[in-house]
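Me: Take a close look at the place where the two chains meet, please. Once that is clear, work outward into the folds on either side of it.

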Amino acid sequence: MSHSHNKNEILSHELPATPLDPKTQAERDAKIQVAMIGLCGCWGCTLSFLDMDERLLGLLDKVAITRSSFTDVKRIPHRCTIGFVEGGVANSENIETLEEFRENCDIMISVGACAVWGGTPAMRNVVPLEECLIEAYVDSPTAVEGAKKVIPFHEDLPIITTKVKPLHEVVKIDYFIPGCPPDGDAIIKVLDDFVNGRGFDLPSEMNRYD
Amino acid sequence: MSVRVTIDGQEIQARSGDNIIDVAAQNGVYIPSLCYVKGKPCLGTCRTCSVKVDGSVMAACTIPVREGMEIEVNDDAEIVDMRKALVELLFSEGNHNCPSCEKSGRCELQATGYEVDMMVSRFPYRFTPRVVDHASKTVFLQRDRCIFCQRCVDMVRDERTGKKIFSIKGRGTHSSIEIDAELANEMTPQQVRHASDLCPVGCIIDKTQGYDDPIGQRKFEIKSIKDRALEKEHR
């Protein structure tokens, strides 16, 4: 299911880049590597990641952020200690990205309702996939009149999964931060605990499902 | 008559005949429950209040205390995890989409999930299709969220005839909560509000009520379900 490389296609992490000076690179490599990816979600949890605000600065002497909404790289350049994932699994590209990420993360954490149980995209799970596609593309009330009714299908498009799955039904997930989205407070609490060797502990007053 | 029991090794005096949930709460020990309503006959349907009584697992709301009883609530890791598993089962059995629910922040199931430290259900989420019932003019039934506690079945009745307004049809996985739309249409606004407040989840929704309280000022955000349960009792 990997991206076909015999096509005229270059991913951003494959582009030539000027290497960092060796000292900066060595300092960065010595830090705890943290990454966050998004699958089938709304990127709201990533906004909560940004809501860590200036509190993140206090961690930056210990933490290097690789793939995330701050950096916009498509693959993590090397192994990560902590990987956050938002969004559920809804298509073949999600599965590929998630499996690749799992192979390269020591600790993996589901962030938000979509990652934890499917969330809003999983509302389609009570309807057969065929009916969903017909409603969206064939009998859509907003379809352009007279236009040819086509359900998109092309080798470049990821294949939709029959049901939206929570991440832990596809790969092993170590910890869960529920919420839609969880607060930046919850994410910084978890990150700070791991960075300082304390382990996962999300107290009930910080836990939320909405 | 007074009896002596122990809760998590602590010896306490209790009034004979009081059930374990009430006795524990009087002594500052919170036992989660989703069907029990203080002062009403116990239903014993949700089992979320499971504790160990002299080594056996029992639903605390169904058991009156008696002399010498040894009750384990939080001392025994197995029973703590069992209560958590019971809550997780409810979350995986129905479709509990908190972000899209009017009851969020006022929901006892959600608040109990926080109390038992549920982050995710260990059981596969089932996504069973369930049909919403809009027939009545006063309430609608969002069946995705029903946990079959039977509070509404037993405690909401037509004021004129005393007939039940809500009922459960079918058995096992085919069970569904039903409403007598004609009787429901006769409900006063106060009774509608009572029924929707009584529902521990967002299944019975008052058609006149929406997302009334802003996030951060909702019922269980102001005071947790545990604090509320203990406040009523703790002397």
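Reply: Here is the contact between the chains, followed by the sheets, helices and odd backbone spots around it.

A bit of housekeeping: this is a predicted model, so local features need pLDDT of at least 70 and side-chain atom pairs count only at pLDDT 80 or more, while totals for chains, interfaces and linings use all residues; side-chain values use heavy atoms, with hydrogens and water left out. Residue numbers start from 1 along each chain as its sequence is written, and chains are lettered from A, with ligands numbered from 1, in the order in which they are written.

Now the interface. Chain A brings 21 residues to the contact and chain B brings 23, where contact means heavy atoms within 4.5 Å. Together the two chains bury about 1800 Å², with 63% of it on carbon and sulfur atoms. Buried area here is the accessible area (1.4 Å probe) that two parts lose on being put together, summed over both. On chain A's side, three residues stand out: Trp117(A), Tyr209(A) and Asp210(A) supply 40% of the area that chain A buries against chain B, more than any other three residues.

Asp210(A) turns up again in the charge pairing. It forms a salt bridge with Arg218(B), and the closest N and O atoms are 2.7 Å apart. The rule (a side-chain nitrogen of Lys or Arg within 4 Å of a carboxyl oxygen of Asp or Glu) finds one salt bridge across this interface. Over all chains, the count comes to 31.

Polar contacts across the interface come to six residue pairs, both residues at pLDDT 80 or more. A polar contact is a pair of N or O atoms within 3.5 Å; within protein, one must be able to donate a hydrogen and the other to accept it, and residues adjacent in sequence count only if both atoms are side-chain atoms. Among the elements of chain A, helix H4 (residues 113–117) gives the most to the side that touches chain B, with three residues. Helices (H or I, at least four residues) and strands (E, at least two) are DSSP runs numbered from the N terminus. By class, that side of chain A has 14 nonpolar, four polar and three charged residues. Ala, Val, Leu, Ile, Met, Phe, Trp, Tyr, Cys and Pro count as nonpolar, Asp, Glu, Lys and Arg as charged, and the others, Gly among them, as polar.

Stepping back into chain A, there are six helices and seven strands, running α-β-α-β-β-β-α-β-α-α-β-β-α from the N terminus on. The C-alpha atoms fill a box of roughly 60 × 45 × 30 Å along the principal axes. Five of the strands make an open sheet in the order S2-S1-S3-S5-S7, with parallel pairing; two strands pair if DSSP finds at least two bridges between them. S2 (63–65) and S7 (175–177) of chain A are the edge strands, each with a single partner, so one side of each has no neighbour in the sheet. The twist averages 25 degrees from one strand to the next.

S5(A), residues 105–111, pairs with S7(A) over three bridges, and Val111(A) stands opposite Ile177(A). Helix H3 (residues 92–103) of chain A lies across S1 (32–38), S3 (80–86) and S5, at about 135 degrees to S5(A). Axes are lines fitted to C-alpha atoms, for helices over the stretch in contact, and angles run from 0 to 180 degrees between N-to-C directions.

After S7(A) comes a backbone oddity: the peptide bond from Cys180(A) to Pro181(A) is cis, with omega near -10 degrees. Pro181(A) lies in the loop between S7 and H6 of chain A. In H6(A), the side chains of Lys189(A) and Asp193(A) meet in a salt bridge at 2.6 Å, N to O; they are four residues apart in that helix (residues 184–195), which means about one helical turn separates them.

Chain B has its own open five-strand sheet, ordered S2-S1-S5-S3-S4 with mixed pairing. Its edges are S2 and S4, each with a single partner strand, so one side of each is left without a neighbour in the sheet. Here the twist averages 40 degrees from one strand to the next. S1 (residues 2–7) and S2 (residues 10–15) of chain B pair antiparallel over six bridges. Ser2(B) stands opposite Arg15(B), and Ile7(B) has Gln10(B) as its bridge partner. Two residues sit between the strands of this hairpin, and Asp8(B) takes a positive phi near 50 degrees.

Asp54(B), not a glycine either, has a positive phi of about 50 degrees, in the loop between S3 (50–53) and S4 (56–59) of chain B. Helix H2 (residues 77–93) of chain B lies across S3, S4 and S5 (70–72), running at about 155 degrees to S3(B).
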